[in-house]
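Trainee: Hi! Could you walk me through this one while I have it open?
Mentor: Happy to, let's put it on the screen.

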There are 2 protein chains.
Amino acid sequence: MLKRVKRLEIALYPTVKDVARGAGVSVGTVSRVLAKNETVNPAIRQRVEEVIARLGYRPSSLGRNLRLNKSDIIGLIIPDITNPFFAELAKHLETLASAAGYSVLLANTHEDPKAECKQVQSLLGRVPAGIVIAPVSGSLVGEILSDSLVSVTIDRALSGHSLVATDNFEGGRLAASHLLELGHRRIGYISGPSTTDVSIQRLNGFRGPIEEMLSTRSQGAVELTVLEGNFDYKSGEAIGRQLLQADIEHRPTAIATANDQQAIGLLRASRDLGIRVPEDLSIVGFDDIPLASLVLPRLTTVRQPIEEIAEIAVQAVLGRGPIVGQIKLKPALVERDSTAPPPVR
Amino acid sequence: MLKRVKRLEIALYPTVKDVARGAGVSVGTVSRVLAKNETVNPAIRQRVEEVIARLGYRPSSLGRNLRLNKSDIIGLIIPDITNPFFAELAKHLETLASAAGYSVLLANTHEDPKAECKQVQSLLGRVPAGIVIAPVSGSLVGEILSDSLVSVTIDRALSGHSLVATDNFEGGRLAASHLLELGHRRIGYISGPSTTDVSIQRLNGFRGPIEEMLSTRSQGAVELTVLEGNFDYKSGEAIGRQLLQADIEHRPTAIATANDQQAIGLLRASRDLGIRVPEDLSIVGFDDIPLASLVLPRLTTVRQPIEEIAEIAVQAVLGRGPIVGQIKLKPALVERDSTAPPPVR
DNA sequence: TAGACTCTATGAAACGTTTCATCAGCGGCT
DNA sequence: AGCCGCTGATGAAACGTTTCATAGAGTCTA
């Protein structure tokens, strides 16, 4: 019988076994040295630490994760990292996770339910410490995720799941109130896809103050024109053009959008049409991405507390601060230069 | 002696052992069923597959990775995911990696060498299939990375490492040639931090055509003013102001920047100062981020082949297409609306 | 019919870690 | 001296997978 030959390889990485041998102790002891708070003889501790330094030993997550049956990975599943809102979120999430000793695995769904499903499946195979997901509309993962492990949805809801998000309804209200207070009465709204709850909530919120004004006072009519688009620059530009085509008597004096990218697209459309912002047209965005304060004019927008969302999401998946149901964070109106009273005529 | 009690837990996930028991075969057989191309009795294969479906078994990467001593993770270490260039890169990288069955781990260094070092250490503990890194200037990780595993640097070089990046020197040349051909002779340049090789290469490339013109022809002088900034909007705005403060006789008629964000900041500064682009001032950016074609005027810029960079990087770390030394990809000038001949006076 | 050969399933080992029951050594107390 | 209790190190088991040498059952050939 041939003894199976030990694979003769250059030691890729030293293992805990090598350290143990080098220090003349057992692997258990090395392990206890690594788990800082364990009781271990100072002399031995030092010897072990020396060997660790000498060999350049670095514990492998592979063995550790298998033993603990849990990895130190947090999965972040979002539609698209190039969307500044999600990029910002990813940055904060990663910073927080990293500080807590976890790493972030990034997956883009490109708004495709099937891709999302595949991504989630693959992620589950990694037994992640947690999953933070902004599910696509029509998501199929509710079932899969529900009975498995700590997951939290952000931004967009998934029925039966924990959610931490901005209070989009309130955000919509803020935008509308601001425009009404400035005196606008012919108002346009560029919404997101009506399949996403985010869009619907923002729009419904936006409608609120307008309807209230219509019903309680008699200050004359308020006109609201709503057109549906996508959450990107292009859509804002195209839909904006459509809204602004009407002659000056009927064209809105203010337009709110469902996110800042649309607003920036709209800004461009109005420039192309020779419509001045804010003199002829007021614009309110949503999100307050970094770019919002850099375009000209600087954009008035509804700020989402991205950092706070990231923070709560991390806390939630890491088990401190168990999240119950839905947490809705208060948005804030950031007044900049893109809104003003309507032109007098 | 007390027999150690088997931990009584609700089965979190079924394992290959459960499947084997359910199908009345050995775990080895189940494994072979999963490794599609193995030779296995069709009847048994079907039986096993049924059980897998029934139990909802999903193989665990944890065990797999440990056994293979290699994880299916690609580490992506970049300065800042909110930088549109890196976001774009991350998106493409993730898409490609995902298609090849790998996942992307995201880490931001925030341009801090120590943070970077920590991130790399932690990543190495995961035995990643590869590392794609855009090292910070003054990076400490060269040593650590060199003898370990498949890594490739992107965008910025690390001495002694493989690199895939845009030919920044050539990119600088393109920008300068374009401005000279349009007839500009008083030119400004907003560079990135002089500590990064990217900045230096772009600037050196930019200087090339100008010096050639100075030496070979006698078309009169060309003036070049260079100021150093950071790779962000704010810096472009601030440095831009500085460059544009001079009176109209001495102020540059064209300014090139080291990236698009600076260019967009510069755009804003010139608007604030009442300087029209491109009539009074031509601007050339670098990168061609999506936003470049959305600002007004649309930005003339040097396009980096981001997608190609991502593709080559993935190929390299996954072992197909071994990368040797440095790969420099050709940039391309994208002419849009922010450049024009200088104002006649 | 025996031997050779093919085909396919099995069982065990191994990956690197953590944990836990056990055990050795030792000092203090009666 | 004998016993107890404490401190701290040890060795083995376990996590879920893959791989590989081997075994066993057929099949074909001489």
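Trainee: Which residue is the bridge partner of B:Gly75 in strand 3 of chain B?
Mentor: B:Gly75 is bridged to B:Ile131 in that strand. A strand here is a DSSP run of E with at least two residues, a helix a run of H or I with at least four, and both are numbered from the N terminus. This is a predicted model, where local features need pLDDT of at least 70, side-chain atom pairs count only at pLDDT 80 or more, and totals for chains, interfaces and linings use all residues. Residues are numbered from 1 along each chain as its sequence is written, with chains lettered from A and ligands numbered from 1 in the order in which they are written.

Trainee: And in what sense do strand 1 and strand 3 of chain B pair?
Mentor: Parallel, over 4 bridges, between residues 73-78 and residues 130-133. Pairing requires DSSP to find at least two bridges between the strands.

Trainee: What is the strand order in the whole sheet?
Mentor: The order is 11(A)-5(A)-4(A)-3(A)-1(A)-2(A)-2(B)-1(B)-3(B)-4(B)-5(B)-11(B), an open sheet of 12 strands with mixed pairing. Strand 11 (326-329) of chain A and strand 11 (326-329) of chain B are at the edges; each has a single partner strand, so one side of each lacks a neighbour in the sheet.

Trainee: Nice. Which strands does helix 5 of chain A lie across?
Mentor: Helix 5 (residues 84-99) crosses strands 1, 2 and 3 of chain A together with strand 2 of chain B, and runs at about 80° to that last strand. Contact means C-beta atoms, placed from the backbone, within 7 Å. Angles run from 0 to 180 degrees between N-to-C directions, with axes fitted to C-alpha atoms, for helices over the stretch in contact.

Trainee: Switching to the DNA: which residues come nearest to strand C?
Mentor: A:Val16, A:Gly63, A:Arg67, B:Gly28 and B:Asn41, out of 32 residues around it. Near means a C-beta atom, placed from the backbone, within 6 Å. Helix 4 of chain A gives the most to that surface, with 6 residues.

Trainee: Last one: how many helices and strands does chain A have?
Mentor: Chain A has 12 helices and 12 strands. Its radius of gyration, taken over C-alpha atoms, is 27 Å, well over the 20 Å from the globule rule for 345 residues, so chain A is more spread out than a compact globule. That rule is 2.2 Å times the number of residues to the power 0.38. The C-alpha trace of chain A spans about 95 × 35 × 35 Å along its principal axes.

Notes:
Contact = placed C-beta atoms within 7 Å.
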